[in-house]
Amino acid sequence: MVAILEKRRLRDFDWVLTLLAVVISLFGTWMIYNAQPDAGYWKKQLIGLGVSAVVMLAVAFTDYRKLVHIAPAFYAFGLVLLVVVLIPGIGLKINGQRCWIGVPGLGQFQPSEFMKIPTVLMLARYFGRPRGSVLTVRETIVGLGILILPVGLIMLEPDAGQAITYFPLLAVVLFLSSVRMWLVIAALVLGTASIPAAWVVGVKTGAIKPYQQERINVILDPENADRRGFGYHTWQSILTVGKGGLWGSEQKGAASQSQLKFLPEPHTDFIFAVTAENTGFAGCLLLLLAYAVLLTKLIHGARRAPDRTGMLVIMAIVGGLAFQIFINVGMALGLLPVIGVPLPLMSAGLSAILSTSVAIGFAISIRLRRFVN
Amino acid sequence: MKFEDETQNLKGRMAIINALVIALLVVLGARLYFLQVVRGDYYAERAENQRIRRLRIPAPRGAIFDRNGKLLVDSRSTYNVLLAGEDMKGKDWNVLIEPLSDGLGLDPGLLRERFDEAKRQPAFEEVTVKEGATPADIAWVEAHSLELPMLLVREQPQRRYPSNGTLAHVLGYVGEISPEQLKQPRFKDPDVNPFVRDNPYRPGDIIGQEGLESTYDRYLRGRDGYREVEVDSRGRIQRDLSLVPPQPGQDLVTTIDLDLQLTAEEQLRNSPNKRGVIVAMDPQSGEILALASYPTFDPNLFSQRIGTPEGRREANALLRDPLTPLFNRAIRGRYPPGSTWKILMATAGLQQGAITIKNSNLVCGGGITIGNKFTRCMGSHGSPPLRLAIKKSCDAYFYRLGLKMGIGGIMQMVDEFDLNKRTGVDLPHELVSWTPSPEFKARFNPRDKEWRDIDTVYASFGQVYDFVTPLSMLRAQVAVANGGRLYVPHLLKEARAVAGAGPFPERPRQTFDHPDPKRLDIPVDQHDLVVDGMWAVVNEDGTGTAARIAGFDVAGKTGTAQVVGLGKDTGKNKDHSWFVSYAPAKKPEIAMIALIENVGFGGKFAAPAVHNIYQTYLAKAHPDLAPAQAPTVAQSAQHQ
């Protein structure tokens, strides 16, 4: 019995997904090295990858249903951490945000990054029951409640970048929980229309302050906006990306934008710009393709999940990853304002790589149990 | 799927999510294509521009020497501590005052003043915190680069001029080119100044603003080199990419003899009012050996301290000084020449035939009556010949000579001696003398425009209608001394060649570019008579015996120029004391003019000054004659 199980496990283990994740994260480590060879972030990242691989396997070979079952405990524990991080003395304040907990000997970790997993599990647990009707108002309120607790605490840090990455989790879950299609379309239309309207009204009434307008101008016209102030990050990122050209810039290494410190945060938020400078359009396109395959593969796995809960877990993860990729790369390409969201599997940071690995571990675990009932 | 339900098309919804994910990635890919492939070259260039900086290496400016190779002006490297305005945008300046005044030993009040001034300017880039920083200051700035990253140390070649204002009016000074100057053809148009083609002027350039520094800026200026470096986002240099060393400017050798110059300045410094001009010239070439104008100023003020509020205050005080120390009196001062004018009158009178060598006697009579007005002579000389009239400076003789020549003759003389033109000396801002003519009177005295005989009388002894610059007067006198060659006075002996370097071609040797002297037709016998009269002024019982030197036949003429009407010649309205001179009389080697302002009689002040300069000259050129001796009877008799 054990032997049969083991054999099937190996057969159903998602090798492609795992390999893709490993390749992207190794590629990311190489870019972290390119960004700042002397800073040692790439070594830390390699250690992080080792730890993450172990954790991913551990999650993959654990029955996700057991974990979903005890999700409320995780969720509660996560909330406690989000409260603890706010306590001065325990939470470390970096750049005006108190979102890190220092762990002696291990460095520091970011509870808001890990909290995504219990939140996904809680949402999947609640919305995972077989559906008998369209989405009710009560369900929506409960879903919002699950989301609002961690998001509210994160906003207190304050870390708006992390906070907004929680919303796609709920959006995907609601979308797959029989929310009426006309409601979705109406919300989209209304949302799209309200942005310019709010802009015009906001500027006229003075509700949107000049410095806030400036931030939007940076996106609309980065070249003529305040390139030394608000627009600095966006402009330098655009330069770095553009400089990469088709095959990568000839001015690499010591002459690169990141090593001359023109590009800020090159190993974390702007790792994509580093990739663009070093590998050019060719490398970036391959990376985006890898993400596309990874996400499609996850969705494919979701279709074959043994139950609705498993499907929702994977799809929420897809939503979260896709959103983060779009926000991060969009920021690096000057399409979106600067928001501190890491690029999954690429950005340096133990918390980010670990939480992404756990998420992928869940996806593997769910696929492993596709014939088990 | 095991969990399809009746309430929704789950498969379809998942497909929508999948499509949405792919669509977002496609949007990113399209943007990437635009940035990297379509606009890649543009951004690459922009990135290069912020990475690579070209730092100018200022070329050392040529040094300036005297005719014997004594150094007059050079440049040395100094270091300034600056504050980068870019880094100070929107920051509180006051927090810097205490650390800076402590660390660099500056007065906090002064620092505050500089900051306030900088903040008032709309677009300042840098504020000078300290000039002439010491090695200790530089070390302090470097040690505090983390706390005070806005501080910079910049090398600045600085001009060093002689102290005490020696030669200030000749050398001039350097200063930053002004925005107005940059628009002038001289600094822009290659047709006007061919040197700008290879070596254009840029904002911030240090150029000659006055004196020889200005006239010969094109030779003195070097060609800046540059260093191409890679910088990081804070402008810190990461590594060198290329280096083009600067080509130094050409050294100037002037015609000035520093020993004569120092003696000349000493004479003015020791004069009662410490005001006046002395110019010494080589009468065989027009080379200026000494040019002193007092009061003087310190050119180092303009080359070194003008960037500071204290320096500007000092400069403003100089500009407003009623004694006009900035003013080169030799070329910008217009003075009535007094009796020195008589030499030119005598020469022209003979030339024009108003008097002859055989019969040069004119009545003195103690004065002259024109209409009902009597104009007196200072003495009573009977009916003297020209030689005696010069020796005794008989005014009435020259009144009558003037009347014989007429205003037309006097104007012809003025024109012959170029007194109505610039001398063409190689210094900027030379003024033209005012000389007698009916037009000048009409302008000068509009109530009584008509030219009368009395006006001719005034014009003939160097008063009222004659206002000459000392240099133009000396030039005319030199033409009398050398027999009629009117040289262009000049200060440049040569600009030394500079070898080619890197991209810069060789710069050849240059000399003073002047036309041949204008030749006046002065017959030898007429010339000899005038010279003999001037010799007698000094060596017989003339008015200029104070200039006498045994064995060195000094010729000269005193002048006492009325500043205001007769009888009011006291205090600051005292007469100017003149002396023009050359020696040896028959074969002149050196000519001089001295003007001591508002002290009185020419023989008493200007002649001894000239005497002392001759002593210095003799000590160098004829050491055997140097010790001052009383003239022997034999020598005097020889010239009788």
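**Exercise 1. Two helices of chain B**

Task: Work out which residues of α15(B) meet α21(B) in this predicted model, and describe how the two helices cross.

Solution:
- Start with the residues. On the α15(B) side they are B:I343, B:A346, B:T347, B:L350 and B:Q351, and they meet B:Q526, B:L529, B:V530, B:G533 and B:M534 in α21(B).
- Next, sort these residues by class. The contact of α15(B) with α21(B) divides into six nonpolar, four polar and no charged residues.
- Now place the helices. Helix α15 of chain B covers residues 341-352 and helix α21 of chain B covers residues 524-539; their axes come within 10 Å and cross at roughly 155 degrees.
- Turn the angle into a direction. Angles over 145 degrees count as roughly antiparallel, so α15(B) is roughly antiparallel to α21(B).
- Finish with the hand: the crossing of α15(B) and α21(B) is right-handed.

**Exercise 2. The five-stranded sheet of chain B**

Task: Find the strand order of the open sheet of five strands in chain B, and name its edge strands.

Solution:
- Trace the order across the sheet, which reads β12-β11-β21-β20-β19 (chain B), with antiparallel pairing.
- Look for strands that pair on one side only. In chain B these are β12 (288-294) and β19 (555-561), the edge strands.
- Check the twist, which averages 5 degrees from one strand to the next.
- Then look for a helix lying across the sheet. Helix α22 (residues 602-621) of chain B lies across β11, β19, β20 (576-583) and β21 of chain B, and runs at about 35 degrees to β20(B).

**Exercise 3. A closer look at β11(B)**

Task: Describe how β11(B) is joined to β21(B) and to β12(B), and decide whether its residues are buried or exposed.

Solution:
- Begin with β21(B). Six bridges join strand β11 (residues 276-281) of chain B to strand β21 (residues 590-596) of chain B, and the two run antiparallel.
- Pick out individual bridges to β21(B). B:I278 has B:A594 as its partner, while B:V279 has B:I593.
- Turn to β12(B). Six bridges join β11(B) to this strand as well, again with the strands running antiparallel. Here B:A280 is partnered by B:A290.
- Follow the chain through the hairpin of β11(B) and β12(B). Six residues lie between the strands, and B:G286 takes a positive phi near 85 degrees.
- Now assess burial. β11(B) is mostly covered, with six of its six residues buried.
- Split them by direction: B:G276, B:I278 and B:A280 point one way from the strand, whereas B:V277, B:V279 and B:M281 point the other way, and all are buried.

**Exercise 4. The three-stranded sheet of chain B**

Task: Give the strand order and the twist of the open sheet of three strands in chain B.

Solution:
- Read the order as β1-β8-β9 (chain B), with antiparallel pairing.
- Identify the edges, which are β1 (52-57) and β9 (237-244) of chain B; each pairs on one side only.
- Note the twist, which averages 30 degrees from one strand to the next.
- Examine one pairing. Six bridges join β1(B) to strand β8 (residues 225-231) of chain B, and these strands run antiparallel. In β8(B), the partner of B:R54 is B:E228.

**Exercise 5. A:L20 and its surroundings**

Task: Locate A:L20, then explain why A:L20 is classed as partly exposed.

Solution:
- Locate the residue: A:L20 is in helix α2 (residues 15-35) of chain A.
- Count the surroundings. A:L20 has 19 other C-beta atoms within 10 Å. Being buried takes 20 or more and being exposed takes 12 or fewer, so A:L20 is partly exposed.
- List its contacts, leaving aside neighbours within four places in sequence: A:A290, A:V293 and A:L294.
- Add a distance. The C-alpha atoms of A:L20 and A:K297 are separated by 10.0 Å, although the two residues are 277 apart along the chain.

**Exercise 6. Chain A and where it touches chain B**

Task: Summarise the make-up of chain A and of the side of chain A that touches chain B.

Solution:
- Count the elements: chain A has 16 helices and three strands.
- Gauge burial, with buried residues making up 50% of the 373 residues in chain A.
- Move to the contact between the chains, which takes 49 residues from chain A and 36 residues from chain B.
- Find the contributing helices. In chain A, α10 (167-175), α13 (232-244), α14 (271-303) and α15 (308-332) each supply at least two residues of the side that touches chain B. Of these, α14(A) gives the most, with 13 residues.
- Sort that side by class: 32 nonpolar, 11 polar and six charged residues.

Technical notes. Residues numbered from 1 in each chain as written. Chains lettered and ligands numbered in written order. Predicted model: local features only at pLDDT ≥ 70, side-chain atom pairs only at ≥ 80, totals over all residues. Pairing = 2+ DSSP bridges. Helix = DSSP H or I, 4+ residues; strand = E, 2+ residues; numbered from the N terminus. Axes fitted to C-alpha atoms, helices over the stretch in contact; angles between N-to-C directions. Contact = placed C-beta atoms within 7 Å. Parallel < 35°, antiparallel > 145°, perpendicular 65-115°, else oblique. Left-handed = near helix turned anticlockwise from the far one by under 90°. Nonpolar A, V, L, I, M, F, W, Y, C, P; charged D, E, K, R; others polar.
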